[in-house]
Structures are given as structure tokens and as C-alpha cells.
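User: I'm new to reading protein structures. Could you walk me through this one, a question at a time?

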Amino acid sequence: MNKPAVAVVMGSDSDLPVVKDATDILDQFRVSYELLVLSAHRSPRETHAFAITAVARGIKVIIAAAGGAAHLAGVIASEFPLPVVGIPIQTAALGGMDSLYSTVQMPPGVPVATVGINGAKNAGLLALQILAVGDPSLQKKLVVFKKQQAKAVVEKSKRLEKRRQ
Ligand code: RP5
């Protein structure tokens, strides 16, 4: 694997079981990534340092997961000039609506591409699709992935039909 073009960050290690769906899909496509715990509130200095140095390290897209008052993706997007994908983490208190609103409701000028609550697989795929804009071999792999996905749905439908006969 070569130098990471993706960084995957999360507000706490307690987010890792969800975030794993993002790293699994990156692993599947053999795309390397940085993996860090950073908190907009608990470690603001480290978060700031990470955001302002990421481009120089070759990072092209950042996936940021957080729950509750989920400001991590937005704070990173305020300084990182390339795409940021936000994953709102499901919470016990409010079911993740708090995380969703905190991540998605960014002010004009600072976009965060927000996936659904716990939508880490889509965050990984979106990061791959962003990289694929300038990477024809990754584009080909994504085409194969989508064909396989469609085939799996057709097969499920056939199995269902058979069971009804
Ligand atoms: C957020 O607070 C984290 O992203 C996590 O989802 C949540 C709870 O963190 P812990 O108390 O488990 O460390 O900042």
C-alpha cells in the first residue's frame, strides 16, 4: 500500500465499532488511510494541527465520525480545503439525531458531505469515489463493485421467487 490519501478520524475510540465499516471498505479496495482519535472539544489543539497539516501529508479526503454535539467534521472542514465526509454516530440519548444535525447543518462556505446515522460504509465508498475522479484504475474497481452489488440483488430476488413457487 502507498502513502495514505485518506484520513479516518473519530471523536472517541468508542466510535470505532461503527467506523470499522468505513475502514473495511477502504481495506477491500486496498486504499491506505491514517486512523486517529481526535476530538473537537477534548483535544482541540491536536484537531487543529491535524487539519492544517493534512494536505502537506498528501491527504485528499478526510472521513470524520462523531456523536452527540458532533463538531469534529465541521471543525476540520473549516481548515482543510479538500472534501470532508461526516459520519454522525448514533447516540443513546437522542438516537443520533443530535449527531446528524450537528454534522450536516454547516454554514454556507464550509460544506461537510454527511452520510446517514452510522453510515460508515457509505462514507468509505464516498471517499473512494472522490479519489476515483482522478484515478481510472479505482474507477474501474468501483464499476465492478456496483455490478456485483446489482447482481447480488437480482440473485436475492430470484431466491425469493423460488421460495414462493
Ligand atoms: C463524541 O462523544 C464521540 O465521537 C463519541 O461518539 C461520544 C462519546 O465519547 P466517549 O465518552 O465514549 O469517549 O465526542
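User: Let's start with the cavity. Which strand gives the largest share of the lining of the largest cavity?

Analyst: Keep in mind that this is a predicted model. The lining is made of Ala64, Ala65, Ala66, Ala70, Leu72, Ala73, Gly86, Ile87 and Thr103. Three elements each supply at least two of the lining residues: strand S3 (61–67), helix H3 (72–77) and strand S4 (84–89). The largest share, 3 residues, comes from S3.

User: What volume does the largest cavity have?

Analyst: The structure holds 1 cavity of 30 Å³ or more. Its lining has 7 nonpolar and 2 polar residues, with no charged ones. As for the volume of the largest cavity, it comes to about 30 Å³.

User: Back up a bit for me. What pattern does the chain follow along the sequence?

Analyst: Start with the parts list: the chain has 6 helices and 5 strands. The C-alpha atoms fill a box of roughly 60 × 40 × 30 Å along the principal axes. Now write α for a helix and β for a strand, and read along the sequence: you get β-α-β-α-β-α-β-α-β-α-α.

User: What percentage of the chain's residues is buried?

Analyst: A residue counts as buried when its relative accessible area is under 20%. Ala64, found in strand S3, passes that test with 2%. Out of the 165 residues in the chain, the buried part is 42%.

User: Now the ligand. How many charged residues does the shell around the ligand have?

Analyst: Let's go through the shell: the residues around the ligand are Gly11, Ser12, Ser14, Asp15, Arg42, Ala66 and Gly67. Sorted by class, 1 is nonpolar and 4 are polar, and the number of charged residues is 2.
Ala66 also turns up in the lining of the largest cavity. But back to your count for the ligand shell: charged residues, 2.

User: Which residue has a backbone N or O atom 3.1 Å from an oxygen atom of the ligand?

Analyst: Let's sort the contacts by the part of the residue involved. Ser12 uses a polar side-chain atom, 2.6 Å from a ligand oxygen. Asp15 also uses its side chain, with an N or O atom 2.6 Å from an oxygen of the ligand. That leaves the backbone contact at 3.1 Å, which belongs to Gly67.

User: And how much of the ligand's exposed area does the protein bury?

Analyst: First picture the ligand taken alone, where it exposes 360 Å². Then put the protein back around it, and the buried part of that area is 64%.

User: Arg42 was in that shell. Which residue has a side-chain polar atom 2.8 Å from the backbone nitrogen of Arg42?

Analyst: Look in the loop between S2 and helix H2 (44–53), where Ser39 sits. Ser39 counts as buried because its relative accessibility is 10%, and the cut-off is under 20%. The side chain that puts a polar atom 2.8 Å from the backbone nitrogen of Arg42 is that of Ser39.

User: Is Arg30 buried or exposed?

Analyst: Arg30 is in the loop between H1 and S2, and has a positive phi of about 55° although it is not a glycine. Exposed means over 50% relative accessible area. Arg30 has 64%, so it counts as exposed.

User: What about Val31: buried or exposed?

Analyst: Val31 is in the loop between helix H1 (16–28) and strand S2 (33–37). Val31 and Val6 are 25 residues apart along the chain, with their C-alpha atoms separated by 7.9 Å. The relative accessible area of Val31 is 12%, so it is buried.

User: Where does Asn118 fall, and why?

Analyst: Asn118 is found in the loop between strand S5 (113–114) and helix H5 (120–132). Asn118 has a positive phi of about 60° although it is not a glycine. Its relative accessible area is 23%, and because that lies between the 20% and 50% cut-offs, Asn118 is partly exposed.

User: Last one. How far apart in space are Gly96 and Ala69, C-alpha to C-alpha?

Analyst: Gly96 is found in the loop between S4 and helix H4 (97–104), and is buried with a relative accessible area of 0%. Along the sequence, Gly96 and Ala69 are 27 residues apart. In space, their C-alpha atoms are apart by 9.8 Å.

How values were computed
Residues numbered from 1 in each chain as written. Predicted model: local features only at pLDDT ≥ 70, side-chain atom pairs only at ≥ 80, totals over all residues. Heavy atoms only, no water. 1 Å grid on protein atoms, 1.4 Å probe; cavity = no way out; pocket = protein on both sides within 12 Å on 5 of 7 lines; lining within 4 Å. Points joined across faces, edges and corners; volume = space filled by probe spheres on them. Helix = DSSP H or I, 4+ residues; strand = E, 2+ residues; numbered from the N terminus. Nonpolar A, V, L, I, M, F, W, Y, C, P; charged D, E, K, R; others polar. Near = heavy atom within 4 Å. Polar contact = N/O pair within 3.5 Å; in protein donor to acceptor, adjacent residues only side chain to side chain. Areas by Shrake-Rupley, 256 points an atom, 1.4 Å probe, with all protein chains shown as cover. Buried < 20%, exposed > 50% of the residue type's maximum accessible area, 1.4 Å probe, protein only.
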